[in-house]
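Got your viewer open? Let's take a walk through this protein, one selection at a time.

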Amino acid sequence: MQTSGNTILITGGTSGIGRALAERFHAQGNQVIIAGRRHAMIDEIIAANPGMAGFALNIDDPADIARAAQAIIAAHPSLNVLINNAGIMRFEDATAARDLSDAEGMITSNLLGPIRMIDALIDHLKTRVNPAIVNVTSGLAFVPLLSTPTYNATKAALHSYTLALRALLAGRVEVIELAPPAVQTDLTPGQATREGYLPLGDFIDEVMGLFAQTPTPAEINVERVQFLRRAEIEGRLDQAIAAINAH
């Protein structure tokens, strides 16, 4: 994936990792388009980053995804990179019957959302120069946090989908996975200041360094996430599950 001269759409681009990626790619000379639900935040970020563009998008609504995709392609026909970053994380107790609305919401946002975004844009992306799809998963795709079983499952499913898509699109569209560790963002209450989590700025510094490698790694895995990513490969999955759930 080239690091400048792209037209990049980032879903969930109004906060956390999405906003940080948007601002870094914008600073590197890319046309960046952020998409999210919060109109006020879109306006604020665009005002702070002249030249950036923004579109309202409800990642849970298939009709809105189709509408937004058509509008973005019409306004930015040079679009060649999609970063699927939008998602939600909810804590659950899976040991007893419960209201499954949070589980259903995470499946819709975290798994169906990226699949639908890819479907809406894939025919266009295949016509562009240096096209790429970046799916943001999680270290929890590889080692589960027991308090977020559905979240883990959505990210594991997106990891698998990304593997298949990479093989299917080989030679036509580059497919990259970005799997963050625990990062200080507002993904869950109190997470932005949680001790032991990787500061967002440090995470993005390392991520951008990995994107700058030639060739771009198929998986953008910062050093902090390797404990999770390699747990099963190295035969220490049970120990890793115990370690991340000890707190």
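Before we start clicking, one bit of vocabulary: two strands count as paired if DSSP finds at least two bridges between them. Also keep in mind that this is a predicted model.

**Stop 1: the whole sheet.** Switch to a cartoon view and look for the strands. Seven of them form an open sheet, in the order β3-β2-β1-β4-β5-β6-β7, with parallel pairing. At the edges stand β3 (53-56) and β7, each with a single partner strand, so one side of each has no neighbour in the sheet. What holds strands together in general? Strands of a sheet pair through backbone hydrogen bonds, either parallel or antiparallel.

**Stop 2: strands β4 and β5.** Select residues 81-84, which make up β4; four bridges join this strand to β5, and the two run parallel. For one example, click N84: its bridge partner in β5 is N135.

**Stop 3: strands β5 and β6.** Now select 132-136 for β5, which pairs with β6 in the parallel sense over five bridges. Try I133, whose bridge partner in β6 is V175. To see how the chain gets from β5 to β6, follow it through helix α5 (residues 149-168); this β-α-β crossover is right-handed.

**Stop 4: β6 and its other neighbour.** Select 174-178. Is β6 mostly covered or mostly open? It is mostly covered, with four of its five residues buried. On to β7, residues 219-220, which pairs with β6 in the parallel sense over two bridges. Here L178 has I220 as its bridge partner in β7.

**Stop 5: E177.** Stay in strand β6 and show the side chain of E177. This residue is buried yet has no salt bridge. Which side chain of opposite charge is nearest, and how far away is it? That would be R166, 4.8 Å away; a salt bridge needs the charged atoms within 4 Å, so this pair doesn't make the cut. E177 does have polar contacts, though: its side chain joins that of T137 at 2.6 Å and that of H159 at 2.7 Å. Show what surrounds E177 and, leaving aside neighbours within four places in sequence, you'll find contacts including N135, F142, T162 and A218.

**Stop 6: S138.** Move to the loop between β5 and α5, where S138 lies. S138 counts as buried because its relative accessibility is 6%. A polar atom of the S138 side chain lies 2.9 Å from the backbone nitrogen of L140. Not counting residues up to four places away in sequence, S138 touches Y151, K155, A179 and P180.

**Stop 7: two backbone oddities.** Here's the rule of thumb first: most residues other than glycine have a negative phi, and most peptide bonds are trans. Now select N130, in the loop between α4 (101-125) and β5. Its phi is near 55 degrees, a positive value in a residue other than glycine. N130 is partly exposed, with a relative accessible area of 40%. Next, zoom in on P215, in the loop between α6 (200-211) and β7. The peptide bond from T214 to P215 is cis, with omega near -5 degrees.

**Last stop: H39.** Select 39-48 to light up helix α2, where H39 is found. Is H39 buried or exposed? It counts as exposed, at 51% relative accessibility. Finish by drawing a distance from H39 to T14: the two are 25 residues apart in sequence, and 9.2 Å apart in space from C-alpha to C-alpha.

Technical notes: Residues are numbered from 1 along each chain as its sequence is written. This is a predicted model: local features need pLDDT of at least 70, side-chain atom pairs count only at pLDDT 80 or more; totals for chains, interfaces and linings use all residues. Side-chain values use heavy atoms; hydrogens and water are left out. Buried means under 20% relative accessible area, exposed over 50%, partly exposed in between (1.4 Å probe, protein chains only). A crossover is right-handed if, with the strands pointing away from the viewer, the path from the first strand over the helix to the second runs clockwise. Lys and Arg count as positive and Asp and Glu as negative; His and the chain ends are not counted. A polar contact is a pair of N or O atoms within 3.5 Å; within protein, one must be able to donate a hydrogen and the other to accept it, and residues adjacent in sequence count only if both atoms are side-chain atoms. Contact means heavy atoms within 4.5 Å.
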